[in-house]
Amino acid sequence: MYKVTIGLEVHCEVKTNSKNFSSSRNTYSEYPNENIDTVDIGLPGILPVANKEAFRKSLMMALALNCKTPDVVMFDRKNYYYPDLPKGYQITQMEKPVGVDGYVMINVNGEDKKIGIHDIHLEEDTASMEHFSDYSLIDYNRAGVPLLETVTTPSIHSADEAIAFLETLKGIFLYTGVSEARTDRGQMRVDVNISLSKDDTLGTRTEMKNINSFNNVRLAIETEIKRQIEVLERGGEIVQETRRFDEEKMQTFSMRSKVDAVDYKYYIEPNIPPIKIEDSWIEEIKKDIPMLQYDRVQKYMNEYELSRYDSEIIVKDKLVSDYFEKTISLGCNPKSSANWITSVILGHLNKNDLKITEIYLTPKMLVELIDMVDSGKISSKQSKQVFAKCLEENKEPSKVVKELGMTQITDDKTIRDIVVKVLDEHPDLIEDHRKGKNTFDFFVGQVMKATRGQANPGLTANIIREEIEKR
Amino acid sequence: MKTIMDLRNDLDSSKITSEELFNESVSKAHKYQDEYNSFVTILNEYEKQDSNSLLNGIPYALKDNFSTKGILSTSSSNILKDYVPVYDATVYKKLKEAGAVLVGKTVLDELAMGGTGTTAHTGIVKNPWDATRQIGGSSAGSASSVALGIVPFSIGSDTGDSIRKPAAFGGVVGFKPTYGRISRYGLFAFASSLDHVGCFTRCVEDAAIVTDILKGKDERDMTSLPDENIKYKDILNNDIKGKKLFYIKEITNLEMYKDAGEETLEVLTKFKETIEKCRELGFIVEEVSLDEKLLKAIYPSYMTISCAEATSNNSNLTGIPFGPRGEGNNINDIMFDARTKGFSELIKRRFILGSYILQKENQERLFKNAQRLRRLIVDKMNELYESYDAMILPASGGIAPLFEDSIDRMSDRYLILENHMAIANFGGFPSITIPNGFVNNMPIGLNITGPQFKDGETLNIAYKIEEKLGFKGLIKEEYDV
């Protein structure tokens, strides 16, 4: 048996108005070279101006990942020639990144695990390129977009853990609003390092760069583990190298060995003076970090006694989780609220591709609706109708109930009078019932018909049973 | 020769118009161009914004490594020979807004690297005092255009001594203020941690006037300093009695130059005479002894740091987003070809050095050690500035060199004497060179370097010394030596 050790480097674009070191817009654009200025294409004489918002969000992410933040943050230059890098160097952080030595808690199939964060640093994205047979196209829209790189320690030991980590990280990006973390727009890209060993020492690792979906991360890891096992079983040696994962062939291919590794000649960026981080600023940022998914799941399970399954469904989207918590703060029973959200509301959202904030039903209205059911004012079946009509006509539940004349009859005498009348009309069927034939549902149906479905079903059944007994 | 203030008075009293001044400058520029080659571009359109500043209507020249929208900006390199920027450098913008009128863009040593004025893609720049001699560099054309009397002031950049050395050789004033005092936005970067913007003028007062316009915080340059609410021009005449100056024994001691040529001895003698005049003015001048090893480290540290930064800063010149596109079958070959054709051998040598210095295995030994030396030198200077107001030294060990002479800057004798002015770049100190008389009918310079942020005080000291020496507004045509 081999022990698998994995380290991840996750690049994620930070959501800001302008780019990391220029004033051009940081936004997704369908048109190439639309969001660029003199700085982004590296014209002679330009200087970088650090984006404070990108910086604040990076610090927020560092804090959310329990990192230590330095007193002074500096930037460095990473030098290499490639047309996607217009200045010929990338401004990044080596010596004094925004965060070091952090960790994040993840849950893998019900088991809690702690993943170490080596560091998190802020840098700028490169231009995107498209290569054709005899020419290439460059789009500088992405050049200079703030990019946060999160580097884990080698503390991940399976593809499942890697995916759980990535999902957790993505969740933190979304919860903190640091990034939209959309893999379909290349906003989140993953480098994977993998090594195998038979004991506790680390084996030689290989690296796969720029994997752009979590599913491909899983496939790449599984494929590379399989390859490394085959090599080792053959008595071969793993070479330290960069490999490329080919999702169609389901194989990894060698790209370049360690010997050919580029020397990036890192040195301090002279145009950005060291930035002092005041404690008061850190405290301010901490206050802006909401409770994150992992902690919410713990809370829902321990305090509200929800299942892990339901808790995880609710926290998947922060808006849904916030909605849920709002209903509880309004005094709603957590289980009823969770049931409504997971079984009714999310279904509606998915079907209509809506956000929970886009539907007419506010947390307050949901609590109202649940209260009406709990107090027996309307039946559970009726409540589903009310929900549908409420969204359809943008009306409050109480108003819908009133308009439909939809109050439940829970008065014993009213129901009993109707039951007696129904039984009186069908003495033959009472006989059949006594002989063991199922005529009970018929009686219920008749009562419902007579009350236009407003009779409380439980109460109705009890009274029918009692009245038959009497005869 | 007229200074900015003289021209100001002429303009204000309607003796001459700004346009006439411009035309005069342009015609002089053309007249001297073939012989001295000060300009890459001479403008022909008079363009001026309205302003109440002292520079309103005054013509000037700008070094060709500043970005000027719509005007060719070559940095005197083939790789930028057709480059027309789409944006304005902050200094250019400020001068435009102050009503100053641009006459032309001046020749420099290619990409501001070099101190001879001989490496521009458009040819060598000659010294107005003797056309067989260099003007020095890298701000060669900016120095010669003022020395020739084409313009009353010009803008240069100074990474090692690129303003202050040619100012000495041309008999004009050259000033670079504290690092960050003037925005570098739009200055084509050579070595960002050492690069300064500064000016050439005919007198210290003009240097103060120009700096007053250019200084200030620029949101586009994070290293720029906050605004000070003083005008340097207003404090030039402050009393200097009791102010303390120092000079370095290991640079000026005549004993060390026993085998040196006449010129060096004369330069040093002139310097000692000036010290006496300073004392007459009321300055306290003292000799200070520094560790010679530290002083000898200035030039190699400067070269190490500047080559390293230059390599990185000029990596944008690939011919891909702009500039002449290279030929080749793949992206690497295309960039390789553009850079091979675009740079001269000297530049390539610096880039290779810089690249070597930054390599992982060399960085500690070369780059980091050079930075440590830089720190040691700056610390030593700051320690001295606790007791002194400024350092004064000869700007060079001789007069402007002949073209056929190549100074061996690494030779031990001149290693310190020729290269000490980089100290001001190391520490970002305000530093000014003013004329200090003549040796063999060629001007020589006196350098005054003050503590960081003390630009006004440094100019005040220079102003008083200039007044005493009486070499203000030198110009070959008018000055019969």
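What percentage of the 471 residues of chain A count as buried? The answer is 52%. Keep in mind as you read on that this is a predicted model.

## Chain A at a glance

Let's start with the overall build. Chain A comes to 15 helices and 15 strands. Its C-alpha atoms fill a box of roughly 100 × 55 × 50 Å along the principal axes. For 471 residues, a compact globule would have a radius of gyration near 23 Å, but chain A comes in at 31 Å.

The domain assignment splits out two pieces of chain A: domain 1 covers 3-281, and domain 2 covers 412-470. Measure from one C-alpha centre to the other, and domain 1 of chain A and domain 2 of chain A turn out to lie 70 Å apart.

## Contacts, surface and charge

Now for how chain A touches itself. Take the contacts in chain A with a separation of 6 or more: 67% of them are between residues 24 or more positions apart.

On the outside, chain A has an accessible surface of about 23,100 Å², and carbon and sulfur atoms account for 48% of that. As for charge, you'll find 63 positive and 77 negative side chains in chain A. The centres of those two sets lie 4 Å apart.

## A look at F21(A)

Time to zoom in on one residue. F21(A) sits in a loop of chain A, between β1 (3-13) and α1 (52-64). Is F21(A) buried or exposed? F21(A) is buried, because its relative accessible area is 4% and the cut-off for buried is under 20%.

Who are its partners? Leaving aside neighbours within four places in sequence, F21(A) is in contact with a set of residues that includes V39(A), L47(A), P48(A), V49(A) and A50(A). Also among the contacts of F21(A) are F75(A), I91(A), E124(A), G144(A) and I272(A). As for I289(A), 268 residues away from F21(A) along the chain, the C-alpha atoms of the two are separated by 25 Å.

## Over to chain B

There's a residue in chain B to meet as well. S144(B) lies in helix α4 of chain B, which runs over residues 140-147. How does S144(B) count, buried or exposed? With a relative accessible area of 0%, S144(B) is buried.

Which residues does S144(B) contact, leaving aside its neighbours within four places in sequence? They are S38(B), V125(B), K126(B), P128(B) and I135(B).

How values were computed: Residues numbered from 1 in each chain as written. Chains lettered and ligands numbered in written order. Predicted model: local features only at pLDDT ≥ 70, side-chain atom pairs only at ≥ 80, totals over all residues. Heavy atoms only, no water. Domains from an automatic or database assignment. Helix = DSSP H or I, 4+ residues; strand = E, 2+ residues; numbered from the N terminus. Rg over C-alpha atoms; globule rule 2.2 N^0.38 Å. Buried < 20%, exposed > 50% of the residue type's maximum accessible area, 1.4 Å probe, protein only. Contact = heavy atoms within 4.5 Å. Areas by Shrake-Rupley, 256 points an atom, 1.4 Å probe, with all protein chains shown as cover. Lys, Arg positive; Asp, Glu negative; His and termini not counted. Charge placed at Lys NZ, Arg CZ, Asp CG, Glu CD.
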